[in-house]
Amino acid sequence: MRSTKIAVIQGDGIGKEVVPQGIKVVNEAARLFGLDIRWEDFEWGCDHHARTGRMMPENGLDQIAGHDAIFLGAIGWPTVSDVESLWTLLMPIRRNFQQYVNLRPVRLFDGVSSPLVNPGNIDFYIVRENNEGEYSEIGGRMFPGMDQEMVSQETVLTRFGCDRVMRFAFELARKRKKKLTSATKSNGIIHTMPFWDERFRAIAQEFPDVATEQYHIDILTAHFVRRPASFDVVVAGNLFGDILSDLGPAVTGTIGIAPSGNLNPERRFPSMFEPVHGSAPDIAGQNIANPIGQIWSGAMMLEHLGAPEAANAIVDAIARVLASGENLTRDMGGTASTDALGQAVADALSIHPLEARRHG
Ligand code: IPM
Ligand code: MN
């Protein structure tokens, strides 16, 4: 791997605590596997907003467009409205950089207890459409403050947008167990969801080797709880994908461990790697947040950058640390600090079996 340049946006709340742990572990993997990674900090977020009135500078996107990837913590703080903080920082990055796939692995690790009595072997991917759908600016408010006050918001699905995320999901399924589940609601939402189903069936024709199933979102959430081990790859639109990607990790014990990759598969723009969780104002500043979601996002970033061995080594190290039952943070039933868990993963890396062979 050539020298890579990563834009770091710690953002707000626990983002500032977990990002340093992610960087520490990725740096350790880089040292062990001979990768050259350079980090550049961008102090954007709600503090930046307090200082300047903006979440990021006006030319912010230009400043990071040339980086190889973006490593993000979390965005949002009670002092700034969500509409302002998210729609002038997170959403512009996802959209302008055409990060139309939000890839979110869901895995139950040994040592972390699921709220389910018999969870089985949970190991699947959610492929969430990340650029359109219900997250649309089309709509508005009329008669504000009056009795007949009304709002409307349009869901936007495009053929182009559905096809590209579905193709990504089918390709991923093809590399795994060749089974793809689609989340829909075409019995109740009568224009967009039947269109989603139509495109799903059309793209399925290109992948005759992949078995498909389609579920309405209501029963699919029930299946996530009743038989999570039966899924392999699940493709969903923006809102259903968002909901499923909190539910899936909750079933594996905690959303604190869940990572994500906002991917521009064509690599015309940098992709962005961030945990699924938010800035968690309620526990921020206490050094108790779970850093695994951020660390695992770092592994996804290395994989995307062409260093799969280093990525696998990090995921292995996470698995071994969690299985040991030591250094678990509060959300996993332990008492360890954010720093201690991050350090434990960094330490576990250097005894990775592959690594031991290289040096042994
Ligand atoms: C996520 C988050 C965001 C989303 C919020 C913060 C807008 O929940 O990344 O899952 O809905 O995409
Ligand atoms: Mn979410």
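Start your tour of this predicted model by selecting helix α9, which gives five residues to the lining of the largest pocket, the largest share from any element.

**Stop one: the largest pocket**

With α9 (292–304) still highlighted, add β4 (101–107), β5 (123–129), α5 (159–175) and α10 (308–324); each of these five elements supplies at least two residues of the lining. Now look for the middle of this pocket. Which residues lie nearest its centre? Select L103, Y125, L172, M300 and E303 to see them; the whole lining has 25 residues. The space here comes to about 760 Å³.

Try colouring the lining by residue class. You should find 15 nonpolar residues, two polar ones and eight charged ones.

**Stop two: the second largest pocket**

Next, move to the second largest pocket, which holds about 660 Å³ of space. Its lining is made up of 34 residues, and the closest to its centre are L86, W87, L90, M91 and Y135. To frame the walls, select β3 (69–74), α4 (82–96), β6 (139–142), β7 (150–153), α8 (238–251) and β12 (271–275), the elements that give two or more residues to this lining. Which of them gives the most? Click on α4: seven of the lining residues come from this helix.

Colour by class again here, and the lining of the second largest pocket divides into 16 nonpolar, 10 polar and eight charged residues.

**Stop three: ligand 1**

Stay where you are and switch on ligand 1. Where does ligand 1 sit? The space it takes is the second largest pocket. Show the side chains around ligand 1: L86, M91, R94, R104, R128, Y135 and D242. Helix α4 comes up once more, with three residues, the largest share of this shell. By class, the shell has three nonpolar residues, four charged ones and no polar ones.

Now zoom in on the oxygen atoms of ligand 1 and try your viewer's distance tool on three side chains:

- Y135: an N or O atom of this side chain is 2.6 Å from an oxygen atom of ligand 1.
- R94: the distance from a side-chain N or O atom to an oxygen atom of ligand 1 is 2.7 Å.
- D242: here an oxygen atom of ligand 1 and a side-chain N or O atom are 2.8 Å apart.

Finally, turn on the protein surface around the ligand. How much of ligand 1 does the protein cover? On its own, ligand 1 has 320 Å² of accessible area, and the protein covers 74% of that.

Notes:
Residues numbered from 1 in each chain as written. Chains lettered and ligands numbered in written order. Predicted model: local features only at pLDDT ≥ 70, side-chain atom pairs only at ≥ 80, totals over all residues. Heavy atoms only, no water. 1 Å grid on protein atoms, 1.4 Å probe; cavity = no way out; pocket = protein on both sides within 12 Å on 5 of 7 lines; lining within 4 Å. Points joined across faces, edges and corners; volume = space filled by probe spheres on them. Helix = DSSP H or I, 4+ residues; strand = E, 2+ residues; numbered from the N terminus. Nonpolar A, V, L, I, M, F, W, Y, C, P; charged D, E, K, R; others polar. Near = heavy atom within 4 Å. Polar contact = N/O pair within 3.5 Å; in protein donor to acceptor, adjacent residues only side chain to side chain. Areas by Shrake-Rupley, 256 points an atom, 1.4 Å probe, with all protein chains shown as cover. Sits in = over half its atoms within 2 Å of the grid points.
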